[in-house]
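Colleague: I should like to go through this model with you, one point at a time. Please give the reasoning behind each answer.

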Amino acid sequence: MSSSGFYELYRRSTVGSTLVDALDTLISDGRIEASLAMKVLGTFDRVVAETLKDKTQSKLTFKGHLDTYRFCDDVWTFIIKNCSVKLEQTEDAQGNTVVVDKVRIVACNSKKTGEQ
Amino acid sequence: MDGLHQAVNLIESLYSPQPPSNVNEIQQQLQAVQRSDHGLELGYQLLSQDAASTNVQYFGALTLAVQFHTNNSTDRLLDLLKMNLFHLARRSQLFISKSPHYESRIIVIKKLMSNAAQIFFRMNNLDVLTSPSSSHEWNNPLDTFCALVSHSELSWENFDEIFGHVESQTIPYDRLIQLISSSQEFNTLALLFSEVIVEDLVKHQSVKVGTSRLHGVVHEHLYISSISIINYNLQQLVVASRNNSAERPPVADNVLQCVAAWVNYTMMVRTKSHGHMDLSETFELLIQLMCSYDSAHNFPYSENVVAILGDIFGNDPTMLNYELRSTVEGIFLGVQKSGTNNAAGHEWMLQYMNHLVVNEMHEELKELALCIVDFLQISNLDVCNKLFTTISNNDPHNLDQYIKVLLQMTNFTLVPVLEEFFSVRMVDFWLDLCDGYNNLVRETLKPDTPALATNLFSQVVQIYLPKIQLSVKQRICQEGEDETLVHEFDDFRNAVLDLIESMWAVLGNEKLTDILIVSIGQLTPTSEDELFQIEAMSFCLEKLLVDMNLNESPVVCGTLDANQAFIDNVLLLIQTGCQQKSAANGKEAQLLSCDLVKTGSSLMATIANYIKNDDKRLGTCMDVLFKSLELCANADATDSKIELFITRCITKMCEVSRKELSSYLPTVLAIQESMMQQRSNVSDYTKQKFTCCVGYFIQDCIREGPEKQAHYLAKVIGAIRDEILNSANNRDHVLCLLLCISELASALVVSPDVLEDAPSTQLAHSDEYWATDPYQLRSTTLDLMESVLTQYGNDAEFVERSCLIMGSHLATAEPGPHFLAYSMQELIGFLLKRNEACEPTVALPYLVYLLELVVHRYASALAATDFDYLFGEFFLGIHRGAIASDPDLTQLMITFVSSVLETRPALVVHGNHWTSFILPDFVRALGVKERFTIAAVTKFWTKVVNNKRFSRADEVTVRAQVCELGPQLIAHTVQAILHAQRSDLACYSDFLRALVARYPLQSRQWLVQALPELAAHQLQANQVFVEKLFVTRGSRAASNAVLEWWMACNGLPPLTGAST
């Protein structure tokens, strides 16, 4: 959980890590302070969490073999093997599924904002 | 700046509705003064101008905030505090005395309050407190505020003395109440200040360090004063509402906002160890306010309190103690699981619901539903235990009543999603209850529990079936609501599906699947409503049957047999959908027709295994499906969608019933042939899938020998070839036809089950036959592709499709006989020919994909010299320059070598290119900047240093080479890390970890040698890096070691906290 009360896990997404790289460049060039970069990332954590919660319609369903599951420090981790993922409510009405060897799901409690 | 007058003019210009063109310049000028040493003086002067506009005064307050943020000195902080408090108290006194423009000045007061809150936070920060110059303690801003505002002789001259007196003064409860009772404005300001402080405290969470003491101070001081004021106000509201329920005093909004802010803060701070901030008395008063209403059905507080309670139940329900939760339970449900009932409270609930329903206040009704169901979710497990187990002994009558209320709530009489939200939210409740029941230990169940559970969940099914009918969607569309509600309804339907699936574990086939089948079968639909009933039941049934193997469920099959009208009704869904899909029937009918066809065709496909057992029934179904498909003409999006649903269903039916439908082959062939023509208006998807269906039938002819297969295949391939040659210039059509060949080839792949069952002589005969290939199918197809690629050779889609067709036989692990089983020579011949003529950026990725398949399949037949030849042709020949300059192609080459290293490493490591090109070039590739190439090259090196597929000879060769290359390898890697982006570091750390593990002695030496040359000024960091790398084992720990070294060398901060 970040200092702003939102999880930092989206920083590891493509858009998050790209933002981190861009902030690194700005810090290295002396164009921003590290503290501003932290604030930007704090805002990123919040906005991603809020946007995913409020503005997404898409759903995906998946089926596969639940290989591993654990619940540690309020974080659920599931590793699903031989998983077929199906996106609903997308333009791909052909209902194509994506089959992957392994899916890792990390799920945190969205309600407990404010915790550190 | 010359003076105050000029500053005032600039501020007025800045905030004027039509700002001047140089507004940016003005802003910069003012900001410079705000930040300067004169800032404090400017702020004081602006705030002292009683006659100045609100903008000017607000700017004064803002200037104090800027001074606070730009100056960290403790002495300066005290000056700021005094100045801010003085002006806050003065402005507040003017507000209370209702001086001119007093109402508009509230914005200035609020800013000064926020400034005071910020100063309060900093003064109670651990760092400030431990600084030697700190001698002031300020524990309770609210008490100080009240004391200052009530001071009759407040002036800047005597402020030091007054502040010294009130700074640490605690105002007794009676005096506090006396003060806020003295004037409504005083009361409003006290509430506002308390609200501003706690709201800012929640935002202040971004400061990680030192907040611990602050929360402690708030708990010991501010909390006591604030809750006293809040509770006093709530009591006054309760008394007022008893006397005249409809009236809502003006201060009510301030009180409720302040309560909401405190609830929010308490919720946040509860996880920290500062003792328990009990708001029980506040909640008691809130609940009383919630339930107040008059005979004219005015509910002055209900909406606000429901919102506050909803927030609590949704986030931290244990904020309400057990007694309060029981009270709420009595109010919401009129019955408690245990204890007495709260008839009066529940009467409010019924009246309030009625009020919302009658006045069509759907949003408020939704809020209430959210609040109630969130509340019910809290005690779900408790309900489950009390209902079904012997763990607690409760009054059975009470429990019956409780369940009755829950069912009534679920069966709310309005339209779900559009008008009511209870049934929508209750899905989660029932799902949890059902899961809870399924997880109960069977020994703890009461004797009558199974019957009770069956009865209860059967009722839930009966309630939800009409709620998810398409008539609701129809109503939503008729109301002209936006699409969000339609999506919400679809989500609701899907949530009910999950519930039905969970309830199946309780009800089983007998009480659920069979009943749905019987109910569908018994209906003779004469109206739209009955059709919707069938759709809703079919929708649920499909979910239950999709994971069921009907061949192993004789009872379900028996039920299906006994209800002959079942299939007819499912077909009716498809037929009706197809008839209503025309745009002339309106958007609403189109939307519903899509759902009807989707449900019908999905269910049909799901029970394909059952349908195939009866030829007559199968024939009827196929006739209806074909006729429905005939009605589709790709006229619009709905039409295309429906065509797609039907095509999917037909494909599934043909796949499952290929044997039973074999007599259809001539008909289907004729249809497929007509579809292939350019003028056909069916979609490309249908053309491809129909060809796939033809393929299934032909594949089934395997029992009759490959000769018959070849006969039909020649017809299909011939028809496609003719069509391609006739319309060679129509790119999309030709591509679609190539896709058809690809589908045909996939359908002809023999499944492992058939391979297992078929006699080996039959398979051998087929293999032999296809090797001879009397109909020249392989060469015809190859020639066809060559001809197409002559024209479209640099079109990526064509090359991709051709490679897929060529490799269709290679894709399976255990290939059976196949008409396109190209030999290695044929495949390599095709690849080499295409390689010479292709544009590498467009075609090479697909060619290399096929090459990978070939090498993988024929690895044992290849020698290192063959690999050298292929590698030279594809990567070092005419495309060498393009590959070197294009990172995607570089990645392609590296990935190809890695894949061979995973399949048969000897092919690579004993070849000439290994030492002459691959090793030296791939060392240099470590310094690339593109992420995908970095990932590929580090994976390659990881595979080189640690490869379980190495033979002893490979291992010896590679080990010697790595030892020789080591210093260079490490130097390039470390240099690449140093200049890499943070997000790329993980790729390198995996490789370093593998290297350190496999070459521990050498790699330490290489690192110690390389690091000082690259980062000479970071000796300490270098040393720590090496030490950490050699003691860590996990991937994350190695990544952290690399990251720390990288941050130290680049002077960058850690941008993540504790990673999740």
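Modeller: Domain bounds here are taken from an automatic or database domain assignment. The model is a predicted one.

Colleague: Into which domains is chain A divided, and what distance separates their centres?

Modeller: The assignment divides chain A into domain 1, covering 9-55, and domain 2, covering 60-108. Taken over C-alpha atoms, the centres of domain 1 of chain A and domain 2 of chain A are separated by 26 Å.

Colleague: In which order do the helices and strands of chain A run from the N terminus?

Modeller: Chain A contains two helices and three strands. Read from the N terminus on, the order of these elements is α-α-β-β-β.

Colleague: What percentage of the residues in chain A is buried?

Modeller: A residue counts as buried when its relative accessible area is under 20%. Chain A has 116 residues, and the buried share of them is 26%.

Colleague: How much of the area exposed by chain A do carbon and sulfur atoms supply?

Modeller: The exposed area of chain A is about 7500 Å². Of this area, the share from carbon and sulfur atoms is 54%.

Colleague: Which element of chain B has the highest mean pLDDT?

Modeller: Chain B as a whole averages a pLDDT of 88, with 95% of the residues scoring at least 70. Among its elements, the lowest mean, 56, belongs to helix α7 (residues 126-130) of chain B. The highest, 95, belongs to helix α44 (residues 887-903) of chain B.

Colleague: Which helix gives the most residues to the largest nonpolar core?

Modeller: This core has 372 residues, and those touching the most other members are Phe332(B), Phe388(B), Trp430(B), Phe457(B) and Trp941(B). The element that gives the most to the core, with 15 residues, is helix α24 (residues 483-522) of chain B.

Colleague: Which aromatic partners does Phe332(B) have beyond four places in sequence?

Modeller: Beyond that range, the contacts of Phe332(B) include Met290(B), Cys371(B), Ile372(B) and Met409(B). Also among them are Phe313(B), His346(B), Trp348(B) and Phe375(B).

Colleague: Why does Thr973(B) count as buried, and which backbone oxygen does its side chain reach?

Modeller: Thr973(B) lies in helix α48 (residues 952-979) of chain B. Thr973(B) counts as buried because its relative accessibility is 0%. Leaving out residues up to four places away in sequence, Thr973(B) touches Leu926(B), Tyr988(B), Phe991(B) and Leu992(B). At 2.6 Å, the side chain of Thr973(B) reaches the backbone oxygen of Leu969(B).

Methods:
Residues are numbered from 1 along each chain as its sequence is written. Chains are lettered from A and ligands numbered from 1 in the order in which they are written. This is a predicted model: local features need pLDDT of at least 70, side-chain atom pairs count only at pLDDT 80 or more; totals for chains, interfaces and linings use all residues. Side-chain values use heavy atoms; hydrogens and water are left out. A nonpolar core is a set of buried Ala, Val, Leu, Ile, Met, Phe, Trp, Tyr and Cys residues joined through side-chain atoms within 4.5 Å. Buried means under 20% relative accessible area, exposed over 50%, partly exposed in between (1.4 Å probe, protein chains only). Helices (H or I, at least four residues) and strands (E, at least two) are DSSP runs, numbered from the N terminus. Contact means heavy atoms within 4.5 Å. Accessible areas come from the Shrake-Rupley method with a 1.4 Å probe; for residues, only the protein chains shown count as cover. pLDDT is the predictor's confidence in each residue, from 0 to 100. A polar contact is a pair of N or O atoms within 3.5 Å; within protein, one must be able to donate a hydrogen and the other to accept it, and residues adjacent in sequence count only if both atoms are side-chain atoms.
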